[in-house]
Amino acid sequence: MRELKITPIKNGTVIDHITSGFALEVLRIIGANNLDKESTVSVALHVRSRRMGWKDIVKVENMELSPQKVNAIALLSPTATISMIQDFKVIEKRPVTLPDHFTGVLKCPNPNCISNQGEPIEPEFDVVHRRPLALRCRYCDRYVDDFLPHLKTR
Ligand SMILES: Nc1ncnc2c1ncn2[C@@H]1O[C@H](COP(=O)(O)OP(=O)(O)OP(=O)(O)O)[C@@H](O)[C@H]1O
Ligand SMILES: [Mg+2]
Ligand SMILES: [Zn+2]
């Protein structure tokens with residue numbers, strides 16, 4: 001059966017194939033509580049998926065995602081796909097991709113790191129391992145595997 005659990009949107013962004021259980025983190029990343037009052041945000045948790053078993057979906061009207069936010073979503077959920085909707089049609093759909101290097105997505109967990117001293121520098125991380133995911137701060141070399149608490153939001 002076609003998915004009809006969420007009302008279609010005219011213009012906006014669909015984040016589909018989110019790892020089941022991570023939609024609320026995605027909402028935090030995109031700053032869903034700060035969007036303009038005209039924009040409906042629909043969330044579906046634990047939706048049956050042929051490809052994934054279970055998945056979450058987030059649909060946001062009148063919003064485009066910055067590259068930083070797409071990267072943050074890729075960190076949480078490498079299976080996610082991002083679709084742009086215009087006039088009720090999908091004009092672009094792409095899977096998220098995990099880059100080798102992140103700028104401004106995570107805060108370094110090391111309180112002594114130069115990136116946490118109020119200097120005008122964006123935190124930068126290299127992906128040192130993909131499965132499981134491990135990142136390393138370019139400034140202090142601290143490894144981060146438990147990155148959820150350190151994701152920056154808007
Ligand atoms: N007007 C719309 N409003 C809200 N969501 C939409 C709209 N049109 C498409 N979508 C959603 O955008 C995503 C991509 O659309 P598409 O038609 O390519 O989906 P699909 O055929 O289910 O493909 P797949 O699941 O393989 O990515 C899906 O999650 C779909 O539900
Ligand atoms: Mg589908
Ligand atoms: Zn650091």
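Two strands are taken to pair where DSSP finds at least two bridges between them. The structure described here is a predicted model, and on this criterion strand β4, which spans residues 81-86, has two partners, β1 and β5. Strand β1, formed by residues 12-19, lies antiparallel to β4, with five bridges between the two. Within this pairing, Gly 12 has Ile 85 of β4 as its bridge partner. Strand β5, comprising residues 89-95, is likewise antiparallel to β4 and is joined to that strand by six bridges. Here Thr 81 is matched with Pro 95 of β5. The connection between β4 and β5 is a hairpin in which two residues separate the strands. In the turn of this hairpin, Asp 87 adopts a positive phi of about 50°. Strand β4 is mostly covered, five of its six residues being buried.

Seven salt bridges were counted in the model. One of them connects Lys 55 with Asp 16, with a separation of 2.9 Å between the closest N and O atoms. This pair links distant parts of the chain, since Lys 55 belongs to strand β3 (residues 53-61) and Asp 16 to strand β1, 39 residues apart. Both Lys 55 and Asp 16 are buried.

Two further salt bridges involve Arg 138. The side chain of Arg 138 meets that of Glu 124 at an N to O distance of 3.4 Å. This contact also links distant parts of the chain: Arg 138 is situated in the loop between β8 (134-137) and β9 (143-144), whereas Glu 124 is in strand β7 (residues 124-129), 14 residues apart. The burial of the two partners was assessed from relative accessibility. Arg 138 is classed as partly exposed because its relative accessibility is 42%, while Glu 124 is classed as buried because its relative accessible area is 18%, the limit for burial being under 20%. The side chain of Arg 138 additionally forms a salt bridge with Asp 126, at 2.8 Å from N to O. Asp 126 lies in strand β7, and twelve residues separate it from Arg 138 in the loop between β8 and β9. Through shared partners, the salt bridges bring Glu 124, Asp 126 and Arg 138 together in one network.

The zinc ion (ligand 3) is coordinated by the SG atoms of Cys 108, Cys 113, Cys 137 and Cys 140, at 2.3 to 2.4 Å. Along the sequence, these donor residues follow the spacing C-x4-C-x23-C-x2-C. The arrangement of the four donor atoms around the zinc ion is tetrahedral, because the angles that they subtend are 100 to 115°, and the criterion requires all angles to lie between 85 and 135 degrees. For comparison, the ideal angle for four tetrahedral donors is 109.5 degrees. Among the donor residues, Cys 108 counts as buried because its relative accessibility is 5%, and Cys 113 counts as buried because its relative accessibility is 1%.

A nonpolar patch of about 270 Å² on the surface is made by Leu 24, Val 43 and Leu 45. Of these residues, Leu 24 is placed in helix α1, which covers residues 23-30. Leu 24 is classed as exposed because its relative accessibility is 55%, the threshold for exposure being over 50%.

Conventions:
Residues are numbered from 1 along each chain as its sequence is written. Chains are lettered from A and ligands numbered from 1 in the order in which they are written. This is a predicted model: local features need pLDDT of at least 70, side-chain atom pairs count only at pLDDT 80 or more; totals for chains, interfaces and linings use all residues. Side-chain values use heavy atoms; hydrogens and water are left out. Buried means under 20% relative accessible area, exposed over 50%, partly exposed in between (1.4 Å probe, protein chains only). Helices (H or I, at least four residues) and strands (E, at least two) are DSSP runs, numbered from the N terminus. A salt bridge is a side-chain nitrogen of Lys or Arg within 4 Å of a carboxyl oxygen of Asp or Glu. Donors are N, O and S atoms within 2.8 Å of the metal (3.2 Å for Na, K and Ca); water is not among the atoms, so sites may look incomplete. Four donors count as tetrahedral if all angles lie between 85 and 135 degrees; four count as square planar and six as octahedral if opposite donors are over 155 degrees apart and all others between 65 and 115; anything else is irregular. Patches are made of residues with over 30% relative accessible area and no salt bridge: like charges are joined within 9 Å, nonpolar side chains (Val, Leu, Ile, Met, Phe, Trp, Tyr) within 5 Å. Accessible areas come from the Shrake-Rupley method with a 1.4 Å probe; for residues, only the protein chains shown count as cover.
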